[in-house]
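Me: I would like to learn how to read the features of a protein model. Could we begin with the polar contacts of a side chain?

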Amino acid sequence: MIARFGLVAAATLLASAAAAQTALMPTVTIYPRQIIRADMLEAREPDARIPGLGAVATAASEIVGKMSRATLLPHRPVPLAALADPPLVQIGSSVRLIFRADGLEIRAAGVALQAAAAGERARARNAQTGVVVSGVLTADGALSIEDGP
């Protein structure tokens, strides 16, 4: 009976070791809005005593080049929820405005009123008229303004 228990315990231990994965953890403190570089990270086995982590970064492609939304402490797993794409446009930077409606396309120059990443909603001021518009930032950095209701 003890021998069988020993085999079961060893099998359980091996299974949990195989299931344990490494996570990428900062080697330095990373502050909010800071872009994460590869030299700031190391792969380590996460501490099982840290409760409620949720999904954490396990691959460099998930974290390198991203912007931190929260302070990330050294030797602690990086929650995926604490990462964001870096903004394509900053407040005050030039942005192309593209308005589309019923096959018509109008392009104008604008000034970003808020920072935004691709796919996010943002506001900008038309440089010629001063009118404030909002739209979705495209991957090329243009603000796409669709005809609304």
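Reply: A polar contact is a pair of N or O atoms within 3.5 Å, where one atom must be able to donate a hydrogen and the other to accept it. In this predicted model, the side chain of serine 68 reaches the backbone oxygen of alanine 70 at 2.3 Å. Serine 68 is placed in strand E3, which spans residues 67-68.

Me: Is serine 68 buried or exposed?

Reply: Buried means under 20% relative accessible area. Serine 68 has a relative accessibility of 1%, so serine 68 counts as buried. Apart from neighbours within four places in sequence, serine 68 is in contact with Ile30, Tyr31, Pro32, Arg33, Gln34, Ile36 and Ala82.

Me: Which backbone atoms lie within reach of the side chain of asparagine 126?

Reply: A polar atom of the asparagine 126 side chain lies 2.8 Å from the backbone nitrogen of glutamine 128. The side chain of asparagine 126 also reaches the backbone nitrogen of threonine 129, at 3.3 Å. Asparagine 126 belongs to strand E7 and is buried, with a relative accessible area of 15%. Beyond four places in sequence, the contacts of asparagine 126 are Leu97, Ala108, Ala109, Gly110 and Val131.

Me: Which residues make up the largest nonpolar core?

Reply: A nonpolar core joins buried residues of the nonpolar kinds through side-chain atoms within 4.5 Å. Here the largest core has eleven residues: Leu24, Ile30, Ile36, Met40, Leu41, Ala57, Ile63, Leu72, Val78, Ala82 and Leu83. A second core, separate from that one, has ten residues, including Val89, Val95, Ala116 and Ala122. As for leucine 83, its contacts beyond four places in sequence are Ile36, Glu62, Ile63, Lys66, Met67, Arg69 and Val78.

Me: How many salt bridges does the structure hold, and where do they lie?

Reply: A salt bridge needs a side-chain nitrogen of Lys or Arg within 4 Å of a carboxyl oxygen of Asp or Glu. The structure holds six. One of them pairs aspartate 85 with lysine 66, at 2.7 Å from N to O. This pair links distant parts of the chain, 19 residues apart: aspartate 85 sits in the loop between strands E4 and E5, and lysine 66 in the loop between strands E2 and E3. Aspartate 85 is partly exposed at 43% relative accessibility, and lysine 66 is partly exposed at 24%.

Me: Which parts of the chain does the pair of arginine 96 and aspartate 140 tie together?

Reply: The closest N and O atoms of arginine 96 and aspartate 140 are 3.0 Å apart in their salt bridge. Arginine 96 lies in strand E5 and aspartate 140 in the loop between strands E8 and E9, so the pair ties together parts 44 residues apart in sequence. Arginine 96 is partly exposed at 37% relative accessibility, whereas aspartate 140 counts as exposed at 54%. In addition, salt bridges that share partners join Arg100, Glu105 and Arg107 into one network.

Me: What does the confidence of the model look like along the chain?

Reply: The average pLDDT of the protein is 81, and 80% of the residues score at least 70. Among the elements, strand E7 has the highest mean pLDDT, 95, and helix H1, residues 2-19, the lowest, 36. Over residues 1-20 the pLDDT is below 50, and this stretch has one contact in the model beyond near neighbours in sequence. The secondary structure comes to one helix and nine strands.

Technical notes: Residues numbered from 1 in each chain as written. Heavy atoms only, no water. pLDDT = per-residue confidence, 0-100. Helix = DSSP H or I, 4+ residues; strand = E, 2+ residues; numbered from the N terminus. Contact = heavy atoms within 4.5 Å. Buried < 20%, exposed > 50% of the residue type's maximum accessible area, 1.4 Å probe, protein only.
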